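Thank you all for coming. I would like to take a few minutes to walk through one structure with you, going from the sheet to what packs on it.

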Amino acid sequence: MAAKENIDLVNQLFAGFGSGNIDSVLSVLSHDISWESPPMDNFLGGTHTGHDGVRKFISNIYQNLQVLQFQALEFIADSDNVVVLGYDKSTYKSTGLTYETNWIQVYTITNGKISRMREQYDTAAVLAALK
């Protein structure tokens, strides 16, 4: 796929995520997706595999966080990868505490589907809001 088509695919994922439509998110993911977040001792951390793993991950986000702002700020793409720089501001429902972090996500596209997502963000800020 061309770089623009890959960016459009990632934007479809963001649109599904933003609307709360998990099935829309899953429709752009390969069945063997590897969704890799920084290792942490909570629902946000670790690697989530396949549609079932990503569905559980996203469901946990909706259940545990109030996302105040999640914004993709910049896209960089080549033939198989899309790098997205962004910003997240969310509140944990359990503590009422809010975190803010910049993030970077790298999406790998295989046969017209997202087959891998790797992300990094300020885990210290995210964990501090749990206390």
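I will take the sheet and its helices, then the core, the pocket and one loop residue.

Please keep in mind throughout that what you see is a predicted model. If we begin with the sheet, six strands form an open arrangement in the order β2-β1-β6-β5-β4-β3, and the pairing among them is mixed. The edges are taken by β2, residues 46–49, and β3, residues 65–77, and because each of these has a single partner strand, one side of each is left without a neighbour in the sheet. On average, and with direction ignored, neighbouring strands of this sheet are turned by 20° against each other.

Looking at one pair in detail, strand β1, which covers residues 29–37, runs in the parallel sense with strand β6, residues 113–121, and the two pair over four bridges. Within this pair, W35 stands opposite M117 in β6.

Two helices pack on this sheet, and I will describe them in turn. Helix α1, residues 3–19, touches β1, β3, β4 (81–92), β5 (98–110) and β6, and the direction of α1 makes about 180° with that of β3. Helix α3, residues 50–64, touches β1, β2, β3, β4 and β6, while its direction makes about 50° with that of β1.

That brings me to the interior. The largest nonpolar core has 32 residues, of which L13, L29, W35, L44, Y92, Y107 and I114 touch the most other members. Two or more residues of this core come from each of α1, α2 (22–27), β1, α3, β4, β5 and β6, and α1 gives the most, with five residues. To take L29 as an example, and leaving aside its neighbours within four places in sequence, this residue is in contact with L13, W35, H51, V54, K113 and I114.

Which residues are the closest to the centre of the largest pocket? This pocket holds about 470 Å³ of space, and of the 24 residues that line it, F17, I61, V67, F70 and D88 are the closest to its centre. The elements giving two or more residues to the lining are α1, α3, β3, β4, β5 and β6.

I will end with N111, a residue in the loop between β5 and β6. Its phi is near 50°, a positive value in a residue other than glycine, and N111 has a relative accessible area of 80%, so it counts as exposed, for which the cut-off is over 50%.

Notes:
Residues are numbered from 1 along each chain as its sequence is written. This is a predicted model: local features need pLDDT of at least 70, side-chain atom pairs count only at pLDDT 80 or more; totals for chains, interfaces and linings use all residues. Side-chain values use heavy atoms; hydrogens and water are left out. Two strands pair if DSSP finds at least two bridges between them. Axes are lines fitted to C-alpha atoms, for helices over the stretch in contact, and angles run from 0 to 180 degrees between N-to-C directions. Contact means heavy atoms within 4.5 Å. A nonpolar core is a set of buried Ala, Val, Leu, Ile, Met, Phe, Trp, Tyr and Cys residues joined through side-chain atoms within 4.5 Å. Buried means under 20% relative accessible area, exposed over 50%, partly exposed in between (1.4 Å probe, protein chains only). On a 1 Å grid over the protein atoms alone, a cavity is a set of points where a 1.4 Å probe fits but cannot get out, and a pocket is an open set with protein on both sides within 12 Å along at least five of seven lines; lining residues have an atom within 4 Å of a point. Grid points are joined across faces, edges and corners, and a volume is the space filled by probe spheres set on the points.
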